[in-house]
Each structure stands twice: as C-alpha cells, then as structure tokens.
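Hi,

Here is the structure I said I would pass on. Have a look at it first, and my notes follow below.

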Amino acid sequence: MCGIIGYIGKKEASPILISGLRRLEYRGYDSAGVSVWNGRDLVNVKRTGRISVLSDAIDEKRPVGSLGIAHTRWATHGAPSEENAHPHSDCSGKVAVVHNGIIENFVSLKKSLLSEGHKFISETDTEVIAHMIEKYMKVEDFESAVVSTLKLLEGAYGLVAISADEPDKIIVAKKGSPLVIGIGDGEYFVASDTSAILDHTKNVIYLDDGEVGVVESGGYRVFNLHDNSVADKMIEEVSANMDAIEKGGFDTFMLKEIFEQPESIVNAMRGHITEGGSVVKFGGLEGHEKRLSEINRVIIVACGTSFHAGLVARWMMEELVKIPVEVEYASEFRYRNPIVDENCFVIAISQSGETADTLAALKLAKERGAFTYGVCNVVGSSIARAVDAGAYLHAGPEISVASTKAFTSQITVLALLSVYFAQQFGKINKNEAHKILSHLEQIPNKVKEYLENVKDVEEIAKEFYNATNILYLGRGANFPVALEGALKMKELSYIHAEGCPAAEMKHGPIALIDKEMPVIFIATKDSTYDKIVSNIQEVKARGGRVIAIATVGDNYLETLVEHVIYVPETIEIFSPLLNVIPMQLLAYYITTMKGHDVDKPRNLAKSVTVE
Ligand code: F6R
C-alpha cells in the first residue's frame, strides 16, 4: 500500500529519500512527502501526484540535512491532498511521523486530543500519532513518548518518527505492517520495503510485530514494546532483484494479489466488528439511522467483477436482512427509466471508483432521491466522492488488470453491511450476529490454509489449457462465482467461457456438452448440493468432463467426476469467498501455460473511465 523510507547518516538525506520513494512507486500512490532536519527545523515538503512533482518542489525548497523521513501515500483516510499526505506533524511542527496501516481507534483518540486543544490539519488517522507524541513529550523524552503513544494505538502500523528536540535519531515501530532497518557504512536506513534501500545496502534487519527500534548514526537497538526486553535481531542479506521484490517474490502481480487475500480480507473487516464480535459498525452510516429506517429496497449497480460481488451481496442481504435487492449492470441501469425513490438504498460497487457507467448510474439514483452508498477500493475516487456515504475496501493497490483481491474484499464489506442492516432492522440479535461474524472472521485463515496447500489446480490446468470452451455452473450463492470464474478465464486466457445457473443448463447450454467440453461445477455442501449433484449427473450422462469444487471431506463427488478441488468448509453465505480462489488460480495457470501476459490481458484497461 503506502511506502516509507528514512535516512540517518552523513550524506544529504533528500536525494536518498527521493530515490527510495521512486523505488516504491510501483506500489501505487497518490501523494508523497518528506521531512528533513536542516539543523534548525524539520522542513516538510508534500505534493499530490507523481514523485517527480515532489522532487521538483524539493529542488526549490532545498531542505539540506542528513536526517529525514519520507512517504508515498495510497489514501485510506481522507482524499489524496497535500494536507493528508505524510509526514504528519504535531501543533509545534517539532514531530514528524510517517505511517502505513490503519489506526482503528483514531476517532476517539482525536476527540480527546481536540478537547485538549490540539489543532489538526488533515483527515488522516496518522496525524493523531504526531499529536500524541507531542503531548507525551511535555513530560517524557522522545523515545518514551513514542512508546507511551504506541501503547494506546489499536490497529496496524509500520511507523517512523523523528523529533526536532532530539534530531539524532529515528524511532520505528511495527505491528502488522512491515518495517526494516537497513545497515550501511556509518549510515542507517529505515523502510517499509527493502526495494526502497537496496541501492544503498543489502544488509537489513526485519522488525517483528510489537518491536520498537531506535536508530542513531552510531548504531541501533530494538526492544519489545510491552516488556521493554532487548530484541536480538539477526542481520540478513537481501538477495532478490528489484523485479522480484516489486512482485513480492511472485512471478506476476496477479499471483501476488491472489496470495494477498488472507490479509486483504482481514483489512476489509478492520474496524467494523465491535463489542466482542457481536455488533457491526459502519462509520459512514452513523447519523443516518433515521433515513435508513425508511429504506425498503436495495439496488446494487456495478460492472464486471464488481457486478458479480453485487450478486453475492443480493444473496447475503435477502438471506439476512430479508429486504428486496436488485442487482443491475450499471451500463443498463443508466439508460433505462429505473424505478428509484428516496426509500431506495443504492450501492455502487467499484474497485477503481472511476468506472464511468457505475458513476453515471449512481448519479441517476441520486437525482431520483435515493440514499447512495459506495464500496470502493481507491480512496478519494470519483464514486467515493459522489456518494452520500461509503466504506473502503483497504485492499491495497490492485495492479493486475484482472480483479482478484478486490472481489473478495467487496464480498467481505458487503457481508458486513448485510449483518449491519440485519441488526438495524431487528432481523437478528447479538448472539446470531456473533455466530455469523465468527464464521466470517475465520475466512482469512481458511483462504490461507487453502493457498498454502494448493497443488491440484496447476495439474488440472495442464490437462485443460488447450480447451476452446469451458462451462462454469453454480447455484444459489455460488451462481455468481460461476460467472466470475468464467469472466476470469475468458479475459485472461482468451478461451471462450460461460457461467450459468446450473439448472439453466437444460434450457440451452446442455447442447454444447460433448466429451471435449470441460464443465466446472461449484458443488460445495450447501442447500442446493443435492440439486447440483443431479446436474453433474446430467453432464456426465452426455460425456462432459467435469471438474467439481467440493467441500473438504466430501468423498462422494470423487466417485462421480474426473477432478475434485477441495476447499475448506464454511457457512453457505460465505462460501463464495473460498470457492472463487480456485477459479482465480485456474484462470491464472491456464493463461501462463498458454504464454499470455497474465497481468495485462489484451484490449483491457484497469480503470474503464469511458462508457
Ligand atoms: C475483471 C475486472 C473488471 C472490473 C470492471 C469494473 O477482472 O476487473 O470486470 O471488475 O471493469 O471495475 P471497477 O470495479 O473498478 O468499477
């Protein structure tokens, strides 16, 4: 997501910081900034847009000094702007902080700092950290003030701080977001990612969660935040090249993003599940309770993969909230005369937040008086700005054109929204919510478990990569997964693929089935299992070659079909989150076997800003 670099030594810091930021550019960013100690003050320079814009601004301001920190931001709280760009300062400008991650309790921390007279200039969660350090530095030294602050933070951070009162050190801390210390010759670097410092040193130590590091030009030490014990850190030599680092050791961004899903699903949930796991909160909906109580219909507008997430959401909402839900292709909705009024809750789902049709559909709904809600990944995007309220996915930049981690994050946020509505409308009590949410909270580990043991999909890909057509069939909550599996396959491998409700097959697609035709069934244990087994038998009877996605422990399907891909068990409404992973991998492996560029399929763009 965001990127951090810091320097302490004898050289000029600014050029090192800028070259480090350039190395981090591939992660996606919307603004960047530096803070350099010039011997008298901390000089902050921040700009929105590309690193070259920041670099030009630094050339003009010329902050000269050998201690500095820098950050590229990919917005999570507050739109991309100079105010929201890091580093963030306290009231006096004597503390500068850069941070990756999300501080979940920043609203309450900010409230109490405001009541104590602190003045904020940004909308970020990070700025509270600078003010807290300022507050504690009134009675403690810099290091103790950072420690006191860290002890009050909930959420995730990779944090780097400097202070004009002690301009001989950089303090770093890690919880859930990576941080390394790079060891040079009489100089030290800190970074969120080794790629930022590889031009200067290959010797690094990796901080572990709960560790704090104090880095001075003469050395460094690392200790445990909670018991103050010294951490004995090993210096490791980084051997990977830049390309491998950018892709986190994976061959492609798509594979990296598929494997990021255990983490991105957790990030999508962050801050929403409260009261010991029995209540769902959505900050953006607070204060709108009266309006929400008048809602009698939900309309979801989206395109492509986001549309499929909308179909899963319909299933979850009808199941939990018992409210009518319509899911519309945004491009169709905007050119109809849809029945929308002020009692409609219209959700626009969009990874990029820039899809032209989704934005236009949303504006139409707004004109007709609906309450509009955005589920976007890119903070400050057009859709995020146009809605009445919304929630971000916090999935980090999705660089591969084919959407993977955004899809599972969208479903996660929409699952939480379903539970939220069910609670608001009195359809479930706290115990029921707790039960449902505990299943959702187990999903990241189940995805991880699946990805760590996956081997069958690549073997199946070898057998089928020369197919000319593939049919994907599913029912209920997993019919959208069939559509998504087919979309991934056709957009990447250029094999013709169709997704269809399994029972609809009899009404036409069954004519396609012969002994050449691979048919993928999503057949995990759920309320339609027996029906889908009958559909499998219908395909088998016509010689089709069946691959079934099945629940671990279901030995029956092995007796019926050629290939079974097992996924962990969960409750029906959340099964799409697990079942889609082998679909993504199958499309990935088949595409690479065919020799196509999996990250940049032909004719497609990541953000479709034209109709
Ligand atoms: C498919 C894919 C597209 C997008 C669609 C909508 O892998 O990525 O189908 O889902 O173009 O994009 P967003 O979600 O940015 O509105």
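**What I found**

Let me start with N579, which sits in helix α19, spanning residues 575-593. This is a predicted model, by the way, so please read everything below in that light. Is N579 buried or exposed? Its relative accessibility is 1%, under the 20% cut-off, so N579 counts as buried. The side chain of N579 has polar company there: a polar contact of 3.0 Å links it to the side chain of T524, and another, of 3.1 Å, links it to the side chain of N478.

**The ligand site**

This is probably the part you will want to open in your viewer. There are 15 residues around the ligand, and the ones that come nearest are S306, S350, S352, T355 and E491. By type, the shell splits into 8 polar, 5 nonpolar and 2 charged residues.

Where does the shell come from? Domain 2 (253-451) and domain 3 (455-593) each give at least three residues to it. In terms of helices, α10 (304-320) and α17 (479-493) each contribute at least two.

Which atoms face the ligand oxygens? Here are some distances to have at hand:

- S350: a polar side-chain atom is 2.6 Å from a ligand oxygen.
- K488: a polar side-chain atom is 2.9 Å from an oxygen atom of the ligand.
- V401: here a backbone N or O atom is involved, at 3.4 Å from a ligand oxygen.

As for how much of the ligand is covered, on its own it has 400 Å² of accessible area, and the protein covers 88% of that.

**Cysteines**

How many disulfides are there? The count comes to 0. C303 shows why for its own case: the closest cysteine sulfur, in C376, is 12 Å away from the sulfur of C303, which is too far for a bond. A disulfide would need the two sulfur atoms within 2.5 Å. With a relative accessible area of 25%, C303 is partly exposed. C91 also counts as partly exposed, because its relative accessibility is 40%, between the 20% and 50% cut-offs.

**Backbone geometry to check**

A few spots may be worth a look if you go through the backbone torsions.

The peptide bond between H86 and P87 is cis, with omega about 0 degrees. P87 belongs to the loop that runs between β4 (67-73) and β5 (88-89).

Then there are two residues with positive phi that are not glycines. N228 has a phi of about 70 degrees, and H394 has one of about 55 degrees. Both are in loops: N228 lies between β13 (219-224) and β14 (236-237), while H394 lies between β21 (389-392) and α14 (405-424). What about their surroundings, buried or exposed? N228 counts as exposed, since its relative accessibility is 55%, over the 50% cut-off. H394, on the other hand, has a relative accessible area of 12% and is therefore buried.

**Other positions**

V519 is in strand β24, and with a relative accessible area of 0% it is buried. The C-alpha atoms of V519 and I536 are 8.9 Å apart, with the two positions 17 residues apart along the chain count.

P509 is in the loop that connects β23 (496-501) to β24 (518-522). Its relative accessibility of 23% makes P509 partly exposed. From the C-alpha atom of P509 to that of E498, 11 residues away along the chain, the separation is 9.1 Å.

Finally, K531 lies in helix α18, residues 529-541. K531 counts as exposed, given a relative accessibility of 53%. How far is the C-alpha atom of K531 from that of P15? The two are separated by 65 Å, and they are 516 residues apart along the chain.

That is what I have for now. Over to you!

Notes: Residues are numbered from 1 along each chain as its sequence is written. This is a predicted model: local features need pLDDT of at least 70, side-chain atom pairs count only at pLDDT 80 or more; totals for chains, interfaces and linings use all residues. Side-chain values use heavy atoms; hydrogens and water are left out. A residue is near a molecule or strand if one of its heavy atoms lies within 4 Å of it. A polar contact is a pair of N or O atoms within 3.5 Å; within protein, one must be able to donate a hydrogen and the other to accept it, and residues adjacent in sequence count only if both atoms are side-chain atoms. Accessible areas come from the Shrake-Rupley method with a 1.4 Å probe; for residues, only the protein chains shown count as cover. Helices (H or I, at least four residues) and strands (E, at least two) are DSSP runs, numbered from the N terminus. Ala, Val, Leu, Ile, Met, Phe, Trp, Tyr, Cys and Pro count as nonpolar, Asp, Glu, Lys and Arg as charged, and the others, Gly among them, as polar. Domain bounds come from an automatic or database domain assignment. Buried means under 20% relative accessible area, exposed over 50%, partly exposed in between (1.4 Å probe, protein chains only).
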